[in-house]
There are 2 protein chains.
Amino acid sequence: MKKLINKPEDVVLEELKGIELAHPDLVKVHYAPDFITRADAPVKGKVGVISGGGSGHEPMHGGFVGMGMLDAACPGAVFSSPTPDQMLEATKAVDGGAGVLHIVKNYTGDVMNFKMAEDLAKDEGIDVEAVVVDDDVAVKDSTWTAGRRGVGLTVLMEKIVGAAAEEGRSLKEIADLARKVNGQGRSMGMALTSCIVPAAGKPTFDLPEDEMEVGVGIHGEPGRARMKVKTADEITEMLMKPVIEDIPFKSGDKVLLFVNSMGGTPLIELYVIYQKAVEIAEKAGLKVVRNLIGPYITSLEMAGASITVLKMDDDLLKLWDAPVKTAGMRWGI
Amino acid sequence: MKKLINKPEDVVLEELKGIELAHPDLVKVHYAPDFITRADAPVKGKVGVISGGGSGHEPMHGGFVGMGMLDAACPGAVFSSPTPDQMLEATKAVDGGAGVLHIVKNYTGDVMNFKMAEDLAKDEGIDVEAVVVDDDVAVKDSTWTAGRRGVGLTVLMEKIVGAAAEEGRSLKEIADLARKVNGQGRSMGMALTSCIVPAAGKPTFDLPEDEMEVGVGIHGEPGRARMKVKTADEITEMLMKPVIEDIPFKSGDKVLLFVNSMGGTPLIELYVIYQKAVEIAEKAGLKVVRNLIGPYITSLEMAGASITVLKMDDDLLKLWDAPVKTAGMRWGI
């Protein structure tokens, strides 16, 4: 294992120290329990939006804390769920009196711990709603998931829902919006190489030099099929087809197309995929009106990519375009 | 070789198509010769700022074309200099009547071809100044370089000089500013793994599973030393020390600290490095007043990192903070 780390058990703590030193204008880092809030949290009268999950997917979620996106993120150990006390303390820290939304990726540990934090927060009188993201069309159940996994759509949901909270919408409206986003967005990914969890010190899975894993999870969970590596065009087709077919998109629909690096795949290859993905989307009658291209939800150093398609409407477009000021996503301000 | 590409010879063209489809609001892509300009080029009365070099370092340079940064970028084949006709046509396309600055990384091919383009542009009556970036303290000469290589400082220079051009400063002032930036910024990098040039199909260099290359170039050129992999803290010290010692920084100096991924190193590790780099900078009496952390000047999928330190003053701070709107760097707008 070659990594730029000190002791595997210190990686997340040292990362948090780095974030604290780098972005004091954007965030405040809390320790024991660990969580990151907006520098100005709680924002009075605004719904707080929280997410969290295992570390190793950076910039998600800590890099998305700030104006117009998340109010807090709870980082677990690498690829491990955060604990209920992290989520509870984060919920309390960002409650500005209008309630708190939990955005939960569909992994059993995350769902269980967020549910526990939700119950504890409610006991303390905080209004909490939780929305589970399960956009990965690759497999029905997976290593750490009953039902579909939550992947790339999480990034888009955090941006859109964060903008809605910034506008002053109510907790009920924001939770409904998050469910709507989850209902009309789908993703699928693939890997050329495995990731290496620092504490494990070896690749999560073995992948021969000429093979790829199609439908891989963001922790290296098995996908749909292992096969010989194909061309970028063929791979893009293999990702786009199940995504587009999963929701009955109609010809003429406007979509946001998100091409994501799993970490080790460089930007040059993402653009190669993007131009083919646009061609496929257009052939299906979809109009790509927005895009996001880069490493936003990663799996440590895994080489590979994922594609997310989200059906847009005027409200979603307005929220997507709204100003955002975080370490990992910023525009309009 | 596992990459998300089609034919190696089509990678750059397909990347350009992807950029064209993704960012029509920011840029215009020109073909044969290939170059990328701001969507609104030429900007009348403004100095045009151009850079270019081999592809494979994305988002540099194409991702830095837009308001407040570059007016044009000329991408060569992967790790190959662009040709003089690319640079000449780009120069003509962005000349708004106030002249054009060429930002040239110090590689023999880039320097030679930019010089030829400069002469041709002058023959056509365009005022051109060229500034060579040579910030890499690792080695004196290198595989494709006489003198120091141009690396991470290029990104910072493009931002700062682009902001100055946006302000309406003259070509002479902007060229002097670029030389000043080059004079007070230094960088050094290291690699845990090699990159793989698509056309070559195999790693540029061999690095045993337990070794690293300290002082590596952005094309995998040899550095200062090959040695057993050390901890992130030790590696950060090995990069920071030569950088800080190369220019006589004074205690109390304000600096921008840039921790860059070579491509395959994930963000979590960059923050681990950042927190140690800040500690080292502070021990040397330097005050880190700005930072940049992420993959900005990459070497395809190479795992590794580089550190750049730039001494700041009020003018540089103002220019760094000025609005920028590009695919790869954006704030304030």
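Here are some exercises with worked solutions on the predicted model shown above.

**Exercise 1. Confidence**

Find what mean pLDDT chain A has, and what ipTM and pTM the complex receives.

*Solution.* Start with the chain: the mean pLDDT of chain A is 97. In chain A, 100% of the residues reach 70 or more. Then turn to the complex, for which the predictor gives an ipTM of 0.98 and a pTM of 0.98. As a reading habit, predicted coordinates should not be read in detail where pLDDT is low.

**Exercise 2. Two chains, one axis**

Work out what kind of axis relates chain A to chain B.

*Solution.* Step one is the superposition: a turn of 180 degrees, with a shift of 0.0 Å along the axis, lays chain A on chain B with an RMSD of 0.0 Å. Step two is to name this relation, which is that of a two-fold axis. Step three is to look along the axis in chain A, where the nearest C-alpha belongs to Gly264(A), 2.2 Å away from the axis. Finally, compare the contact surfaces: 100% of the contact residues of chain A recur in chain B, so the same surface serves both copies.

**Exercise 3. Buried or partly exposed?**

Decide whether Thr236(A) and Gly201(B) count as buried or partly exposed.

*Solution.* Begin by placing Thr236(A), which sits in helix α6 (residues 232–246) of chain A. Its relative accessibility is 1%, so Thr236(A) counts as buried, the cut-off being under 20%. Setting aside neighbours within four places in sequence, Thr236(A) has contacts with Ile273(A), Lys276(A), Ala277(A), Ile280(A) and Ile307(A).

Now place Gly201(B): this residue belongs to the loop between β7 (185–191) and β8 (211–214) of chain B. Gly201(B) has 27% relative accessibility and therefore counts as partly exposed. With neighbours within four places in sequence again left aside, Gly201(B) touches Met1(B) and Ile196(B).

**Exercise 4. Backbone surprises**

Identify which peptide bonds leading into Pro59(A) and Pro42(B) are cis or trans, and find the sign of phi at Phe79(B) and Leu300(B).

*Solution.* Keep the background in mind: most residues other than glycine have a negative phi, and most peptide bonds are trans.

- The bond from Glu58(A) to Pro59(A) is cis, with omega near 10 degrees. Pro59(A) is in the loop between β3 (48–55) and β4 (72–78) of chain A.
- The bond from Ala41(B) to Pro42(B) is also cis, with omega near -10 degrees. Pro42(B) is in the loop between β2 (35–38) and β3 (48–55) of chain B.
- Phe79(B) has a positive phi of about 60 degrees. Phe79(B) lies in the loop between β4 (72–78) and α2 (84–94) of chain B, and counts as buried at 17% relative accessibility.
- Leu300(B) has a positive phi near 55 degrees. Leu300(B) lies in the loop between β11 (287–294) and β12 (304–311) of chain B, and counts as buried at 2% relative accessibility.

**Exercise 5. Empty space**

Describe the largest cavity and the second largest pocket by volume and lining.

*Solution.* First count: the whole structure has 2 cavities of 30 Å³ or more. The largest cavity holds about 60 Å³. Among the residues lining this cavity are Asp136(B), Val151(B) and Asn260(B). Strand β7(B) gives the largest share of the lining, 3 residues. By class, the cavity lining has 6 nonpolar, 5 polar and 1 charged.

Next, the second largest pocket has a volume of about 1,100 Å³. Its lining has 37 residues, and those nearest the centre are Thr193(A), Thr193(B), Ser194(B), Glu301(B) and Ala303(B). By class, the pocket lining has 16 nonpolar, 9 polar and 12 charged residues.

Technical notes
Residues are numbered from 1 along each chain as its sequence is written. Chains are lettered from A and ligands numbered from 1 in the order in which they are written. This is a predicted model: local features need pLDDT of at least 70, side-chain atom pairs count only at pLDDT 80 or more; totals for chains, interfaces and linings use all residues. Side-chain values use heavy atoms; hydrogens and water are left out. On a 1 Å grid over the protein atoms alone, a cavity is a set of points where a 1.4 Å probe fits but cannot get out, and a pocket is an open set with protein on both sides within 12 Å along at least five of seven lines; lining residues have an atom within 4 Å of a point. Grid points are joined across faces, edges and corners, and a volume is the space filled by probe spheres set on the points. Ala, Val, Leu, Ile, Met, Phe, Trp, Tyr, Cys and Pro count as nonpolar, Asp, Glu, Lys and Arg as charged, and the others, Gly among them, as polar. Helices (H or I, at least four residues) and strands (E, at least two) are DSSP runs, numbered from the N terminus. Buried means under 20% relative accessible area, exposed over 50%, partly exposed in between (1.4 Å probe, protein chains only). Contact means heavy atoms within 4.5 Å. Copies are superposed by least squares on the C-alpha atoms of residues with pLDDT of at least 70 in both. pLDDT is the predictor's confidence in each residue, from 0 to 100.
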